[in-house]
Amino acid sequence: MITVVGSINMDLVVRTDRFPKQGETALGDLYTTIPGGKGANQAVAASRIGSDVQMVGAVGTDAFGRVLVEGLDAEGVHIEHVKQLDGMSGIANILLSEGDNRIIVVPGANHLLKQEEIDGLEYLFEASDLVIMQLEIPLPVVQRTLEICRRIGTPTILNPAPSAGYRKEMEPYWTYLTPNESEAEEIFGAEWENALEQFPNRLIVTLGKKGACYFDGVKHVLVEGYETQVVDTTGAGDTFNGALGVAISEQMPFEEAVRFANAAASLSVEKMGAQGGMPNKEAVLARMRGASE
């Protein structure tokens, strides 16, 4: 079982031919609402690949909140620990253009989670094979979850996004850290590649279509990405984290686990929406086989 402690948002997606300049108005050709939030995305990714997933988070009492909870339930994610709190649900305003995205998040109910609520979930973390977190919820909640998991021996993946929320005091507690390249630079500086050697087989930096890299204790390893037809990159990192969590919980060899996560992420960008292209396990394994033939 994997437990995800994290954000649940409704994504408000707009697509345009090009990003507008400062002060400019541009016409779009698509607007849609899609369930998202890094926590929910990673939970859905892990569930589709075949893990039993518990979600810990919060939504508001607005219409979005109801839709978000129903969506998680429909994906097979357990929702007993998703609270509905007075107020608005979190939203992410996503602008798509030129094969890339720009995102503004308004946390809403996500920031109403309390550290005290995490204290009551030690039994859940103890029953989990792995716990996944991000930084779109209050930092004391993340820190407390990390501390509990470290004490009871449950491995964790911390996806440090947004990286501005990362704190040095988190470092002794996470098992795996999964920044992308820009997040790694913000956390560790311009020479972030040197930091890989401080955390062998624990710090994995995702590099977009180039794949992901880590240090195995002897050498730097680049696990190359997969050829793909990009439609929407939103959620690719979340798919990577959810898939990596499944692979680690299934005790795949580490390089194979990263390759598995790369394959899942490459599939996720081929459809619209953060959760729209998240694959099942058979599709991930088929892509890995196809690339090796």
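The following exercises, with worked solutions, concern strand pairing and salt bridges in a predicted model.

**Exercise 1. The faces of strand 1**

Determine which residues of strand 1 point one way and which point the other way, and whether they are buried or exposed.

*Solution.*
Step 1. Locate the element: strand 1 covers residues 2-5.
Step 2. Recall the general pattern: in a regular strand, side chains alternate between the two faces of the sheet.
Step 3. Assign the residues: I2 and V4 point one way, while T3 and V5 point the other way.
Step 4. Examine accessibility: I2, T3, V4 and V5 are all buried, which means that each has a relative accessible area under 20%.

**Exercise 2. The neighbours of strand 1**

Identify the sense in which strand 1 pairs with strand 4 and how strand 1 and strand 8 run.

*Solution.*
Step 1. Consider strand 4, which spans residues 53-60. It pairs with strand 1 in the parallel sense, over four bridges.
Step 2. Find a position in this pairing: V5 stands opposite V56 of strand 4.
Step 3. Consider strand 8, which spans residues 130-133. Four bridges join it to strand 1, and the two strands run parallel.
Step 4. Find a position in this second pairing: L130 in strand 8 is the bridge partner of I2.

**Exercise 3. A salt bridge within a helix**

State where R259 and E255 lie and how many residues separate them, and describe the contact between their side chains.

*Solution.*
Step 1. Place the residues: both R259 and E255 belong to helix 9, residues 254-268.
Step 2. Consider the spacing: they are four residues apart, about one turn of the helix.
Step 3. Describe the contact: their side chains meet in a salt bridge, at 3.1 Å from N to O.
Step 4. Classify the partners. R259 has a relative accessible area of 26% and is therefore partly exposed; E255, with 34%, is also partly exposed.

**Exercise 4. A salt bridge between distant parts of the chain**

Determine which residue forms a salt bridge with E270, and where the two partners lie.

*Solution.*
Step 1. Identify the partner: E270 forms a salt bridge with R287, and their closest N and O atoms are 3.0 Å apart.
Step 2. Place both residues: E270 is in the loop between helix 9 and helix 10 (281-292), whereas R287 is in helix 10.
Step 3. Interpret the separation: the partners are 17 residues apart, and the pair links distant parts of the chain.
Step 4. Classify E270: its relative accessible area is 27%, so this residue is partly exposed.

**Exercise 5. Salt bridges in the whole structure**

State how many salt bridges the structure holds, and which residues are linked with R144 in a network.

*Solution.*
Step 1. Give the total: the structure holds 13 salt bridges.
Step 2. Name the network: D119 and E147 are linked with R144 by salt bridges.

Methods. Residues are numbered from 1 along each chain as its sequence is written. This is a predicted model: local features need pLDDT of at least 70, side-chain atom pairs count only at pLDDT 80 or more; totals for chains, interfaces and linings use all residues. Side-chain values use heavy atoms; hydrogens and water are left out. Buried means under 20% relative accessible area, exposed over 50%, partly exposed in between (1.4 Å probe, protein chains only). Two strands pair if DSSP finds at least two bridges between them. A salt bridge is a side-chain nitrogen of Lys or Arg within 4 Å of a carboxyl oxygen of Asp or Glu.
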